[in-house]
Every structure is written in C-alpha cells, then in structure tokens.
Amino acid sequence: MIQTILNTLFIQTQGAYLHLDHDTVKVEVEKELLLQVPLHHLKGIILFGNVLLSPFLLHRCAHDGRDVVWFNLHGRFQGRLTGPTSGNVLLRTAQYRKVEGTQAGLLLAKRFVEGKIRGACAVLNRTYRDYGEEHLKETSRDLTRLLRSLQCKETLNEVRGIEGTAANRYFAVFPHLIRMPGFTFSGREKRPPRDPVNAVLSFTYTLLTNDCLSALDAVGLDPQVGFLHALRPGKPSLALDLMEEFRAAFADRLVLTLFNRQQLQQKDFDQRPGGTVLLNERGRKTLLTAYQKRKQEEVAHSLFKKRVAIGHLPYIQARLLARYIRDDLDDYRPYRWR
C-alpha cells in the first residue's frame with residue numbers, strides 16, 4: 001500500500017524505493033514508477049518494513065526538518081530521522097534543572113496525570129450520555145475523586161501511584177465501551193498484544209508518541225527528559241508525558257470509533273505464534289487514514305478565540321510547556337477535552 005494522506009506519505013509496499021528527482025519524490029517498485037509527489041507537499045514520510053530511501057532524499061528531509069519514521073511490518077516503532085538539534089540551549093538547561101526534586105517538576109508531573117484523568121473522564125461521560133450505563137458514570141466519579149486527591153500529593157511516587165490507580169479503573173470498564181460483537185478486551189497488554197483491541201491501541205499510541213516527540217523537538221525541548229515517566233536511555237520520557245493529555249480523548253476514542261462503526265473487522269488482524277495479534281496491511285491502512293483525518297478536525301482551545309486542528313494541539317501544548325519551563329508562565333495547564 002502506498003498512499004498520501006493529508007501531507008504524510010505512507011509506504012507499506014515491501015521492496016519500494018523512494019528517491020528524489022529534483023524536488024519530486026518518486027516511489028518505485030522493481031523500477032516501475034508507482035507514485036510521484038512534490039516534496040514541498042509532504043510534512044512527513046512513514047515507512048513500514050522493507051522500504052528504502054536514497055541518501056539524497058534522507059539528506060534533504062533532514063535539512064528541511066521533515067519527519068521520516070520507520071516502523072517494522074507490524075507497526076512497532078524502529079527509528080526516526082532528526083536533523084540538526086533545534087532550540088535554545090538555555091531552554092534545555094532550564095528543563096534539566098526542573099526535572100527531579102523541584103516543585104516545578106512535581107507540578108508538571110501532576111499536570112500530565114491531570115490531563116490523562118480528565119481525558120478518561122471525557123470518554124466515559126460521553127459513552128454514558130449515549131447509553132446511560134450507570135457503572136461508567138460511577139467510574140468517572142471515582143476518577144474525579146482521584147483527581148482531587150492528586151493535588152495534595154507531595155512526592156513523584158505518590159503522583160505515579162495515582163496515575164496507575166486511575167489507569168486500572170479506566171481499563172476495568174473499557175470492555176463496556178466496545179459495542180461491536182466479536183471483539184473482547186480483558187485488560188491492557190502491551191508487548192505483545194494478545195487481542196485486536198490491544199493491537200490497535202498500541203499502534204495508535206505509537207503514532208501519537210511520535211507526534212508529541214515532533215512537537216517537543218519543534219519548540220526546542222529535549223523529548224528524552226520528562227517529569228512523570230522514568231528516565232531511561234532511548235526512552236522519549238517527555239513525549240510520553242505530553243501524550244497523556246491526548247491518550248484517552250484522542251487515541252482511545254479513535255480506536256473505539258473504528259471498532260464500533262465496524263471499520264475494523266477480524267480480517268484486519270493476523271494471529272502470530274504464541275498468541276500475538278497484529279494489524280495487517282489492510283487494518284493499518286484503515287487506522288492510518290482515520291488517524292490523519294481525525295487530526296484535521298477542529299476543537300476549541302481556551303487560549304484562542306478560533307478553533308484549532310486537533311493535530312496542532314501537541315505543538316500548542318509543547319509551546320505552553322516551554323514557556324512555563326522558561327518561567328514565562330506561572331503554571332502549565334493540560335488541554336481540557338469536552
């Protein structure tokens with residue numbers, strides 16, 4: 001599958017070769033031209049499996065700051081092209097100073113958990129309005145109580161404890177949000193996913209993490225150095241922090257929509273040895289198309305009089321985060337979904 005969706009080029013066709021001809025990207029398979037698109041139309045190139053890019057195309061994307069992201073054939077993130085490091089060194093220095101043992105760092109950890117819990121409540125409350133199932137409303141009340149208790153926590157471990165408790169209660173009722181017969185969900189399983197729902201959740205979270213990482217890079221913050229998630233080599237901790245604001249109300253709602261509208265079906269998944277379930281090429285195409293279109297939908301933001309595209313929210317929040325870290329703002333507030 002080769003397709004361009006809203007300024008992003010997705011390549012799943014194995015053996016494809018991409019190269020630059022003047023300012024045009026050409027996609028060939030066994031020397032047969034399948035697609036050509038002006039480079040300036042592309043904001044990103046996403047590749048799955050055995051797909052090759054010419055050195056000149058890679059150099060140009062790095063120079064322009066254009067995203068190139070590699071996944072394996074089943075959607076597991078492999079790597080990402082980055083150009084010259086952006087941003088003010090003073091901003092990153094301020095970020096490092098706030099990471100551990102500071103009240104500013106603890107406040108940011110709380111804000112990311114707050115964003116996650118509010119997003120989960122938005123998902124539950126929306127389904128409750130549609131179907132009137134009282135246990136969903138009660139879980140939303142439980143999460144709201146956890147949100148209130150979050151504010152008085154004084155250590156990072158306590159904040160992480162609230163986050164874990166909230167996630168467990170949310171996913172305990174997640175099976176009731178799936179209305180399509182034939183798909184079950186018995187709990188969150190990451191590596192490897194054991195059912196179609198977990199497979200789609202993991203894939204969508206990977207896409208969202210990459211969007212958050214790009215946003216943090218764009219404003220000059222270090223995506224590896226976060227406040228809520230533990231710091232480990234190669235782990236984009238700050239990108240994982242930021243994505244908590246969008247995990248439930250953006251990613252989970254998208255996944256639920258795809259299942260409940262029967263856009264994803266059993267034939268979109270492959271069963272692997274050991275019980276692993278993965279999206280196949282058809283399923284990935286459906287998800288990628290829906291994901292990009294959802295990013296174009298517009299929502300209200302408290303700081304703007306006009307509506308903004310959902311796909312711009314990570315960049316907006318990353319800029320607000322940078323302003324807080326520079327001490328230009330007194331507080332950082334996660335995006336509030338309605």
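Which residues lie nearest the centre of the largest pocket? They are Lys190, Arg191, Tyr205, Thr206 and Leu240, out of 41 residues that line the pocket. The model is predicted. Besides this pocket, the structure holds two cavities of 30 Å³ or more, and its largest nonpolar core has 91 residues.

**Largest pocket**

- The space in the largest pocket comes to about 1400 Å³.
- Two or more lining residues come from each of strand E9 (77-80), helix H5 (156-173), helix H6 (196-219), helix H7 (237-243) and strand E11 (277-279).
- H6 supplies the largest share of this lining, with nine residues.
- By residue class, the pocket lining consists of 15 nonpolar, 14 polar and 12 charged residues.

**Largest cavity**

- The largest cavity encloses about 80 Å³ of space.
- Its lining is made up of Lys116, Ile117, Ala120, Leu143, Ala166, Ala167, Tyr170, Phe171, Arg247, Ala248 and Asp252.
- Helix H3 (103-131), H5 and helix H8 (247-260) each contribute at least two residues to the lining of this cavity.
- H5 gives the largest share of the lining, four residues.
- Eight of the residues lining the largest cavity are nonpolar and three are charged, with no polar ones.

**Second largest cavity**

- The volume of the second largest cavity is about 60 Å³.
- Around the second largest cavity are Leu208, Asp211, Phe246, Phe250, Tyr291, Lys295, Ile310, Gly311, Pro314 and Trp337.
- At least two of the lining residues come from H6, and at least two from helix H9 (281-296).
- The lining of the second largest cavity has seven nonpolar residues, one polar and two charged.

**Nonpolar cores**

- Within the largest nonpolar core, the residues with the most contacts are Phe112, Phe174, Leu221, Phe269, Leu313, Leu321 and Trp337.
- H6 gives the most to this core, 13 residues.
- Another core, of 19 residues, lies apart from the largest one and includes Ile11, Leu39, Val51 and Ala62.
- Trp337 appears both in the lining of the second largest cavity and among the residues with the most contacts inside the largest core.
- With neighbours within four places in sequence left aside, Leu221 is in contact with Leu91, Arg92, Gln95, Leu216, Leu238, Ala318, Leu321, Ala322 and Ile325.

**Lys98**

- Lys98 sits in the loop between helix H2 (89-97) and H3.
- At a relative accessible area of 11%, Lys98 counts as buried because the cut-off is under 20%.
- A polar contact of 3.5 Å joins the side chain of Lys98 to the side chain of Asp327.
- Beyond residues up to four places away in sequence, Lys98 touches Ala104, Gly105, Phe227, Tyr324, Ile325 and Asp327.
- Ile325 is thus a contact of Lys98 and also of Leu221.

**Ile316**

- Ile316 belongs to helix H10 (residues 313-325).
- Its relative accessible area is 15%, so Ile316 is buried under the 20% limit.
- Ile316 touches His301, Phe304 and Val308, residues up to four places away in sequence not being counted.
- Between the C-alpha atoms of Ile316 and Ala120 there are 21 Å, and the two residues are 196 residues apart along the chain.
- Ala120 is also one of the residues lining the largest cavity.

How values were computed
Residues numbered from 1 in each chain as written. Predicted model: local features only at pLDDT ≥ 70, side-chain atom pairs only at ≥ 80, totals over all residues. Heavy atoms only, no water. 1 Å grid on protein atoms, 1.4 Å probe; cavity = no way out; pocket = protein on both sides within 12 Å on 5 of 7 lines; lining within 4 Å. Points joined across faces, edges and corners; volume = space filled by probe spheres on them. Nonpolar A, V, L, I, M, F, W, Y, C, P; charged D, E, K, R; others polar. Core = buried A, V, L, I, M, F, W, Y, C linked by side-chain atoms within 4.5 Å. Buried < 20%, exposed > 50% of the residue type's maximum accessible area, 1.4 Å probe, protein only. Contact = heavy atoms within 4.5 Å. Polar contact = N/O pair within 3.5 Å; in protein donor to acceptor, adjacent residues only side chain to side chain.
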